[in-house]
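Reader: Please take one part of this model and go through it closely, keeping it connected to what surrounds it. I would like the reasoning spelled out where there is any.

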Amino acid sequence: MDTIIETINVTKSFDGHEAVSDVSLKVSKNELKSIIGPNGAGKTTLFNLLSGQLKPTAGEVLLSGEHVTSLSPTYRTRKGIGRSFQITNVFPNLTCFENVRLAVQSKEGVYYNMLSHFTSHKKINDLAHEVLSTVLLDSKAEELAKNLAHGEQRKLEIAMLLALDTEVLLLDEPTAGMSIEEVPKILEVIKQIKETQNRTILLIEHKMDMVLDLSDSITVMFNGALLADGKPEEIMANEQVQTAYLGGLYNESS
Amino acid sequence: MNKSTIALIVLVIGLILLPFIQDSRSILILMTQIFILGVFAMSYNLLLGYTGIISFGHAMFFGIGAYSIGLIMRYYEPTYLYFLFAVVTTLILTAIVSYLVGLLTLRLHSHFFAMFTFAIAGLFLVAAEKWRSLTLGNDGITFKIPDFFKDRVIFYLLSLGLLVLAYLFFRRFTQSPFGKVLQAIRENEKRVESLGYRVFHYKIIANVISGMIAGLAGIFYAVSLRFVNTSVFSTEITLDALMMTIIGGVGTLFGPILGSAIVQFAQYSLMDLAKVHWIFERWVILFGIIYIVVVMFFPSGIVGTVKTWFTRRNKQILGKKKPEGKKSMESSKADAMKNILKGEVDG
Ligand SMILES: Nc1ncnc2c1ncn2[C@@H]1O[C@H](COP(=O)(O)OP(=O)(O)O)[C@@H](O)[C@H]1O
Ligand SMILES: [Mg+2]
């Protein structure tokens, strides 16, 4: 299958401490790959390297064979790598609707229009409402983002990513902090996107059991390094993973 | 048409009629100044309130406008053609200067941006002082203007026209897709970037638009006095805009206009009171106190605070039918501003 995202020996160190060390990873087009690993394993840092928030200390990042290592987040998004953040990262004093609408506006390429009223862009508004209802937030459309409950902010975070409609979606612990009943619904949304829209999804999850049946493949990170990469069954059977992650540490850190 | 639009239309009609109802020259001049500095404060508010950029050098654009008209009227001829030439010169110069200043400094952390703008405005001030052969330094130059503008009533109406146009422009602009991105930048710059927007471009464009409108206000200011000296480049001019914006309501459309009215009415009345007691001569001190009180107790300014009250009242009446409407949004903009002023936004 075609590789869409590839990292070649990427390393990121903070003051000598390697948060991501020498990771080479390939993600095939239209696959849903989960990245698991205990807290501090370097998962979020790896995402930052893929989406451009951080530049690697060494190594390369490729998108569809093209080097994007030196591109800013703005251009990586335009080229098709969208992401959501583990720590909710929205516009607190704008409404839910406006948060999402800004993402749709970018996707539609309406960048520098200064004189038309934003409500006159019907298509953008419709899309924004559609995405809000996908993540079950339509009733909160006019609420300020900062007044949302934590779980709702998480959903808004996902909505903004979905609204960007990028080829690759990086989801950093999307369900963390959501109410237990909502988690399956959101996972369902993610699955749907993958199946109906031919998207490539990278999903960081802390709890492995949640993603076992959702994922085409699973990557395990540990101490910044790539410990294992393979089909869910292979990962389950992998002895190294069992001892390092699933056995001791998983229970401690969850 | 909603209530506030109707109220504004009534207000404008009232202001148009004002010179024909009462004939106090000084009130007319005061109102004219309120309009002009209101436009200046609105241009400042585009940066401070809508984009989250703190500039301490906004006077440079005001001064460019004031000196463009002053020098051209004095050294060429006070004709309509040269007047138009001065307006075009101002627009071009302010556009170039604001573009270059933005290019050089907008990538910096907001504190450094504030300091750099302060320094650059200082350079303009020094230049105007040193180039005595042209500007006569702090003594300033007087100049003639086309007869049409000499009529106080006509000039009053023109200034009102400028204010109304600026208001309508900003109302449209801040509700446009572009304006919405600016507000998002104020809220969370990094996130705007990761949505695929080129944040730097937006900041530069905001800076240029703001600078050009400030330049227009500078022209009107100089024409109203038929005199210009180096004080148009001074920090006090920038601080006036800052104070008007914050007292009136940062990040609100009408706030800077109200702020301009309050600050200038107060200055005007305090001048009279100075005869009563010397403390009133020190209006800067008094304003300092008012300013601190506003920032502490009404951080969203007058317009912002009133809007919040109305929202609360409406909520009670409607029985929370519409949760957190658009009105309270304006007031929370001020929260963001407080953070910006404390320098917590870029962190
Ligand atoms: N900006 C940063 N500066 C310094 N250290 C960081 C930074 N970001 C992450 N780290 C460190 O890198 C390691 C990996 O963190 P992270 O990628 O967030 O892990 P995970 O997402 O797997 O929990 C941690 O030890 C963390 O403290
Ligand atoms: Mg993480």
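**The sheet and its surroundings**

Author: In this predicted model, of the contacts in chain B between residues at least 6 apart in sequence, 78% join residues at least 24 apart. Chain B has 347 residues, of which 53% count as buried, and its secondary structure consists of 16 helices and two strands. That is the background; the part to look at closely is the open sheet of chain A.

Six strands of chain A make up this open sheet, in the order β6-β7-β8-β3-β9-β10, with mixed pairing. At its edges stand β6 and β10 (225–230), and each has a single partner strand, so one side of each has no neighbour in the sheet. On average, and ignoring direction, neighbouring strands of the sheet are turned by 20° against each other.

Within that order, β3 and β8 are adjacent. Strand β3 (residues 32–36) of chain A runs parallel to strand β8 (residues 200–204) of chain A, and four bridges join them. In this pair, L32(A) faces I201(A) of β8(A).

Two helices are placed against the sheet. Helix α5 (residues 150–164) of chain A packs on it, touching β6 and β7 (168–172) of chain A, and the direction of α5 makes about 165° with that of β7(A). Angles over 145 degrees count as roughly antiparallel, so α5 is roughly antiparallel to β7(A). Helix α6 (residues 182–197) of chain A lies across β3, β7 and β8 of chain A and runs at about 155° to β8(A). By the same cut-off, α6 is roughly antiparallel to β8(A).

The loop between α4 (122–134) and α5 of chain A holds L136(A). L136(A) is not a glycine, yet its phi is positive, at about 65°. Its relative accessible area is 36%; partly exposed covers the range between 20% and 50%, so L136(A) counts as partly exposed.

The edge strand β6 (81–83) also leads to the metal site. The loop between β6 and α3 (96–107) of chain A carries Q86(A), while T44(A) sits in helix α1 (residues 43–51) of chain A; the pair is 42 residues apart and links distant parts of the chain. T44(A), through OG1, and Q86(A), through OE1, are the protein donors of the magnesium ion (ligand 2), and they lie 2.0 to 2.1 Å from it. T44(A) has a relative accessible area of 27% and is partly exposed. Q86(A), at 31%, is partly exposed as well.

Beyond that loop comes helix α3 of chain A, which contains R101(A). The relative accessible area of R101(A) is 1%, under the 20% limit, so R101(A) is buried. Apart from neighbours within four places in sequence, R101(A) contacts F118(A), I124(A), N125(A) and A128(A), and also K180(B) from the other chain. R101(A) and L71(A) are 30 residues apart in sequence, and their C-alpha atoms are 25 Å apart in space.

A second link between the chains involves N188(B), in the loop between α9 (177–187) and α10 (189–194) of chain B. Leaving out neighbours within four places in sequence, N188(B) touches N89(A), V90(A) and F91(A). N188(B) is buried, at a relative accessible area of 14%.

Chain A also contains an antiparallel strand pair: β1 (residues 3–14) and β2 (residues 17–28) are joined by eight bridges. V10(A) faces V23(A) of β2(A). Two residues lie between β1(A) and β2(A) in this hairpin, and D15(A) in the turn has a positive phi of about 50°.

For helix packing, chain B gives an example. Helix α2 (residues 25–48) and helix α8 (residues 152–174) of chain B pack at an angle of about 25°, and their axes are 9 Å apart. Angles under 35 degrees count as roughly parallel, so α2(B) and α8(B) are roughly parallel to each other. Residues making the contact include L28(B), F35(B) and M42(B) of α2(B), and F155(B), L163(B) and F170(B) of α8(B). The crossing of these two helices is left-handed.

Chain B has a residue with positive phi too: R226(B), not a glycine, has a phi near 50°. R226(B) is in the loop between α11 (199–225) and β2 (227–228) of chain B, and its relative accessible area of 26% makes it partly exposed.

Technical notes. Residues are numbered from 1 along each chain as its sequence is written. Chains are lettered from A and ligands numbered from 1 in the order in which they are written. This is a predicted model: local features need pLDDT of at least 70, side-chain atom pairs count only at pLDDT 80 or more; totals for chains, interfaces and linings use all residues. Side-chain values use heavy atoms; hydrogens and water are left out. Donors are N, O and S atoms within 2.8 Å of the metal (3.2 Å for Na, K and Ca); water is not among the atoms, so sites may look incomplete. Buried means under 20% relative accessible area, exposed over 50%, partly exposed in between (1.4 Å probe, protein chains only). Two strands pair if DSSP finds at least two bridges between them. Axes are lines fitted to C-alpha atoms, for helices over the stretch in contact, and angles run from 0 to 180 degrees between N-to-C directions. Angles under 35 degrees count as roughly parallel, over 145 as roughly antiparallel, 65 to 115 as roughly perpendicular and the rest as oblique. A crossing is left-handed if the near helix is turned anticlockwise from the far one by less than a right angle, and right-handed if clockwise. Contact means heavy atoms within 4.5 Å.
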